[in-house]
Amino acid sequence: MDEKITPDLERVLEAGNSAPSGENCQPWHFVVHGSTIEVHLLPERDQSPYGWGQRASYLANGAVIENIVIAASAEQYRAEVHYFPNPSDEWHVATIVLTKDSTIESDPLASYITKRISNRKPYKKDQLTGEERKTLANAAAHGGYGMFALAEAPEEVGRLGRVGSTNEEVMLANRSLHDFFFSHVSWTKEEDDEKKAGFYIKTLELPPPAKLMFKIFRNWPIMRVLGTIGFNRIVAKQNAATNASASAIGAFMIARTEPLDFVKIGRAVERLWLTATSLGLSLQPLTGVLFFKLRFDGGERDGFSSHEQKLVIDAYQEASRIFHADGKHIAFTFRIGRGDAPSAHAIRFPLAEAVTIQS
Ligand SMILES: Cc1cc2nc3c(=O)[nH]c(=O)nc-3n(C[C@H](O)[C@H](O)[C@H](O)COP(=O)(O)O)c2cc1C
């Protein structure tokens, strides 16, 4: 990037660059010519076992697009989104044409883009108000894409909390998942500042005993032995309780699982997340089981024992029943509620690295 970019466009790109992504891998790149922004997916950034067919990254790119469109309105740009404009380039997710228009009203969500965060703290287990419920449902339906459901009955939240924690049960028992996860943890601020991606340990919000145990868990031979005496299940149980401290657990469902479906649902997810932020509500995605299930549906089960496959499929089916998915694919689930402010936030690669300017 060089100085040729205007400050308003830079703010719009900054908004795109602050989108959420699995393991904070930031799988996007922007090519800017004039006031047109091309959004490209960077598959090499997402080598995650959760990322079958780059679907998690397509979802993240959808969040990028939503942020760009919202931030553009604050700069009085009309934004026209053209999805997959180049049929021979599956990574060219969208071209967004921005046109100055003084009649455009700023989207009130614009000021929440930099405040949105994954909050992994326990929440207060209280109920959503009717107004909050309605505002969230409207936000999820804004783009008219996919199906949205919120489970609020404590018994269902409890069951879905256990579904979410199946991820940790499987991950801590499976060497390659374990190694992948721990290789993406930064143990100090310095390490995080250097890597600028992955999980900074403080954002995981581990209570002090767990923080200590975590250092031990990263050593696979030790974790393997601990797994034989059920330690992964103990951790999963604790996480299930944290998950169940939410006011609700929500889901986005889609009829098909093509890249465009994930891009569009990513836009809806981001809109919902920003709306939650504007209501003072905290949110944490809980998606591990969903992306494993997608991988299995795609015919890739290598690396998962039959026991692990069964855990994932049973958990996914439990979520399907609670959300009445009726054959639709659950693309994204999250817990939502009132929580104390997170201890730390995830940083990003500098915008200059994420942008190429074409004259
Ligand atoms: C597709 C997708 C899946 C995610 N899955 C999880 C998850 O299962 N658990 C979790 O704690 N965070 C999950 N996240 C949140 C990311 O880890 C988070 O967005 C990233 O680390 C950046 O942090 P931020 O959201 O606070 O900006 C997910 C995000 C995306 C976009």
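This is a short chat about the ligand site, the domains and two buried residues of a predicted model.

Q: Before I dig in, what kind of model is this, and what are the ground rules?
A: The model is predicted, so to speak for the whole chat: local features need pLDDT of at least 70, side-chain atom pairs count only at pLDDT 80 or more, and totals for chains, interfaces and linings use all residues. Residues are numbered from 1 along each chain as its sequence is written, and side-chain values use heavy atoms, with hydrogens and water left out.

Q: Cool. How many residues surround the ligand?
A: 19 residues do, where near means that a heavy atom of the residue lies within 4 Å of the molecule. The closest are S118, R120, Q284, T287 and R348.

Q: And what's the mix, nonpolar, polar or charged?
A: Eight are nonpolar, seven polar and four charged. Here Ala, Val, Leu, Ile, Met, Phe, Trp, Tyr, Cys and Pro are nonpolar, Asp, Glu, Lys and Arg are charged, and the others, Gly among them, are polar.

Q: Which side chains have an N or O atom by a ligand oxygen, and at what distance?
A: R120 has one at 2.6 Å from a ligand oxygen, and S118 has one at 2.7 Å. R116 also puts a polar side-chain atom 2.8 Å from an oxygen of the ligand.

Q: How much of the ligand does the protein cover?
A: 90% of the 620 Å² of accessible area that the ligand has on its own; that's Shrake-Rupley with a 1.4 Å probe.

Q: Switching topic: which domains is the chain divided into?
A: Domain 1 (7–116 + 347–357) and domain 2 (130–337), with bounds from an automatic or database domain assignment. Their centres, taken over C-alpha atoms, are 23 Å apart. The contact between them (heavy atoms within 4.5 Å) takes 35 residues from domain 1 and 38 from domain 2.

Q: Where do the ligand's shell residues come from, then?
A: Each of the two domains gives at least three residues to the shell.

Q: OK, N17. Buried or exposed?
A: N17 counts as buried because its relative accessibility is 2%; buried is under 20%, exposed over 50%, and partly exposed in between, with a 1.4 Å probe and protein chains only. Leaving aside neighbours within four places in sequence, N17 touches W28, F30, R348, F349, P350, L351 and A354.

Q: And what does F296 contact?
A: Beyond four places in sequence, F296 is in contact with R301, F304, Q309, V312 and I313. F296 and I313 sit 17 residues apart in sequence and 8.9 Å apart in space, C-alpha to C-alpha.

Technical notes:
Polar contact = N/O pair within 3.5 Å; in protein donor to acceptor, adjacent residues only side chain to side chain.
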